[in-house]
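Let's take a friendly walk through a protein model together. Keep the sequence and the 3D view open as you read.

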Amino acid sequence: MSVLIIEDNVSLATLISMYLSGEGIENEVVHNGFEGMARLNEREYDVLLTDIRLPKISGTEIFEKAKTLYPDMPVIIMTAFGNIPDAVKAMRDGAYDYITKPFENDDLLKTIKKAIEVSSIRKENSRLKQYMKDVNTPRMAGHSPAYLAMIKLADTVAPTDAPVLITGESGTGKELTARYIHGKSRRADKQFIAVNCAAIPEQLFESELFGHKKGAFTGADRDFKGRIAEAEGGTLFLDEIGEMPITVQVKLLRFLQESEIQPVGAGLPVKVNTRVIAATNKDLKSMSEKGTFREDLYYRLNVFPVEVPQLSRRREDIAELVELFSKKYGSKVTFSAEALSKLENAQWKGNIRELENTVYRICILKGQGVVAGEDVPTEASGDFAYSMNMVLPEDGLDLEEMEKTIIARALVKFGGNKSRTAKYLNIPRHVLLYRLEKYDME
């Protein structure tokens, strides 16, 4: 327990300090606003006890500073009878309490002890909120430019209440990104409600999102809040938003614009405070141009777009992701350089979801020890037959262009090192040099 006392009357300050010390309450005393500001800049106290009339810097200014630095620290204002309106104003602005001079020692002690209890509760609540934030923020892994660019966008938009539209291929981690944004937001200690728009029958969509009143339709035997209201104060995640029926889209737009919903069968709309994060692997802009998705809703959702890159654009993250997934499943295995190389060179059509499932299977099969190259499943080995598995175009294939593309990508992979590139392509170095000259790729 620690109390900072700011009082310009030296005799009174000394008496208060001695009395609190006698009650086992640690305290420090300063006699003007400048010293008080300096102490507050150094540390936080359990309680601040300050006179409202001080030389140089007033108690009101000190209170404003303390409120900014330490929102959880209760502030008790000491004031003469004639300055009570100033103390009352400070309480309206967030001060914990005030006490008028002259005061009884027992009254002062009782007020300070209650303030210390409040301080302890507030700090515990702050710790719990931070804990919830940490728990609700999923572990993300990566250092590739594509990943870092995405995380930078997510970190920028997280503290706001702006709608977010997350785009990306299936399996890239769109819901994980949404949970990350929620976990970094001021709403992290509230609900994160995920709704898969592709899994809800069209006739039930409106009720599922906006709720309904008892008797609104056949089978409505009780009131139902709906997903938006369930996420009150928190975040509603609408996955596969492109699957939402047009008839529901107009009501979602109204909710986004007015922050209110009208449950099915209700007479009046209800105000709600819910943030929306949507995700899709479809081209909503193209859909809006074709009339299969409302254009106004698209622009309302697309206030802050975040694209989650496919795994092929962040291969340098694969080793880190493999470690993350193996720890997630409590595995006692480690991956050899050969195994990691095979995983890094595989064609992950299912993106991170496919990689995670593959690592999970390897962990189960291996159990413990070192995962060798031969332990990596054939379909994830990155061999030529698998990586070149494609549908041939009907109107022919330009083999020369294909060869140029493969050579160019191999050069990029090895930073322009021709010897390593030739070895990787399984051709002599002079043959690679000939190809580079032939295709004017020097």
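A useful idea to start with is burial: a residue counts as buried under 20% relative accessible area, as exposed over 50%, and as partly exposed in between. Glu 240, with a relative accessible area of 28%, is therefore partly exposed. Please keep in mind that this is a predicted model.

**How confident is the prediction?**

The chain has an average pLDDT of 87, and 93% of the residues score at least 70. One stretch to treat with care is residues 381–391, where the pLDDT is below 50. Beyond near neighbours in sequence, that stretch has 14 contacts in the model. Where pLDDT is low, the predicted coordinates should not be read in detail.

**The nonpolar cores**

In soluble globular proteins, nonpolar side chains tend to be buried together. Which residues touch the most other members of the largest nonpolar core? They are Leu 209, Leu 236, Leu 238, Ile 241, Met 244 and Phe 255, out of 30 residues in that core. Among the elements that give two or more residues to it are the strands β7 (192–196), β8 (235–239) and β11 (275–280), and the helices α8 (205–210) and α11 (284–290) are also on that list. Helix α10 gives the most, with 5 residues.

Try selecting Leu 238 in your viewer. Leaving aside neighbours within four places in sequence, Leu 238 is in contact with nine residues' worth of names you can look up, including Val 195, Cys 197, Leu 209, Met 244 and Leu 252. A second, separate core has 21 residues, and Ala 141, Trp 348, Cys 363 and Val 371 are included in it.Two cysteines deserve a quick look. Cys 197 is buried at a relative accessible area of 2%, and Cys 363 is buried at 7%. How many disulfides does the structure hold? The number is 0.

**Rings and charges**

A pair of aromatic rings is described by the distance of the centres and the angle of the planes. The structure holds 4 aromatic pairs. In one of them, the ring centres of Tyr 329 and Tyr 360 are 3.9 Å apart and the planes meet at 10°, so this pair is stacked. Tyr 329 lies in the loop between α13 (318–328) and β13 (332–335), while Tyr 360 belongs to helix α15 (residues 351–366), so the pair ties together parts that are 31 residues apart in sequence. Tyr 329 is partly exposed, with a relative accessible area of 28%, and Tyr 360 is partly exposed too, at 36%.

Rings can also have a charge over them. Arg 43 lies over the face of Tyr 45, 4.2 Å from the ring centre. Over the ring of Phe 414 you will find the charged end of Lys 413, 5.8 Å from the centre.

**Backbone surprises**

Most residues other than glycine have a negative phi, and most peptide bonds are trans. Here are two residues with a positive phi.

| Residue | Phi | Location | Relative accessible area |
|---|---|---|---|
| Glu 240 | near 55° | loop between β8 and α10 | 28% |
| Ser 259 | about 55° | loop between α10 and β9 (260–261) | 33% |

Where is the cis peptide bond that has an omega of about -10°? It joins Lys 101 and Pro 102. Pro 102 is found in the loop between β5 (97–101) and α5.

**Three residues to visit**

Start with Ser 144, in the loop between α5 (105–136) and α6 (145–157). Is Ser 144 buried or exposed? At 0% relative accessibility, Ser 144 counts as buried. Not counting residues up to four places away in sequence, Ser 144 touches Arg 314, Glu 316 and Asp 317.

Next comes Met 37, which lies in helix α2 (residues 33–42). With 16% relative accessibility, Met 37 counts as buried, because the cut-off for buried is under 20%. Setting aside residues up to four places away in sequence, Met 37 touches Ile 57, Glu 61, Ile 62 and Lys 65. Met 37 and Ile 57 are 20 residues apart along the chain, and their C-alpha atoms are separated by 8.7 Å.

Finish at Lys 67, in helix α3 (residues 59–69). Lys 67 counts as partly exposed, at 33% relative accessibility. The C-alpha atoms of Lys 67 and Glu 42 are separated by 15 Å, and these two residues are 25 residues apart along the chain.

How values were computed:
Residues are numbered from 1 along each chain as its sequence is written. This is a predicted model: local features need pLDDT of at least 70, side-chain atom pairs count only at pLDDT 80 or more; totals for chains, interfaces and linings use all residues. Side-chain values use heavy atoms; hydrogens and water are left out. Rings of Phe, Tyr and Trp (its six-membered ring) pair if their centres lie within 6.5 Å; planes under 30 degrees apart count as stacked, over 60 as edge-to-face and the rest as tilted. Helices (H or I, at least four residues) and strands (E, at least two) are DSSP runs, numbered from the N terminus. Buried means under 20% relative accessible area, exposed over 50%, partly exposed in between (1.4 Å probe, protein chains only). A charge sits over a ring if NZ of Lys or CZ of Arg is within 6 Å of the ring centre and within 35 degrees of the ring normal. A disulfide is a pair of cysteine sulfur atoms within 2.5 Å. Contact means heavy atoms within 4.5 Å. A nonpolar core is a set of buried Ala, Val, Leu, Ile, Met, Phe, Trp, Tyr and Cys residues joined through side-chain atoms within 4.5 Å. pLDDT is the predictor's confidence in each residue, from 0 to 100.
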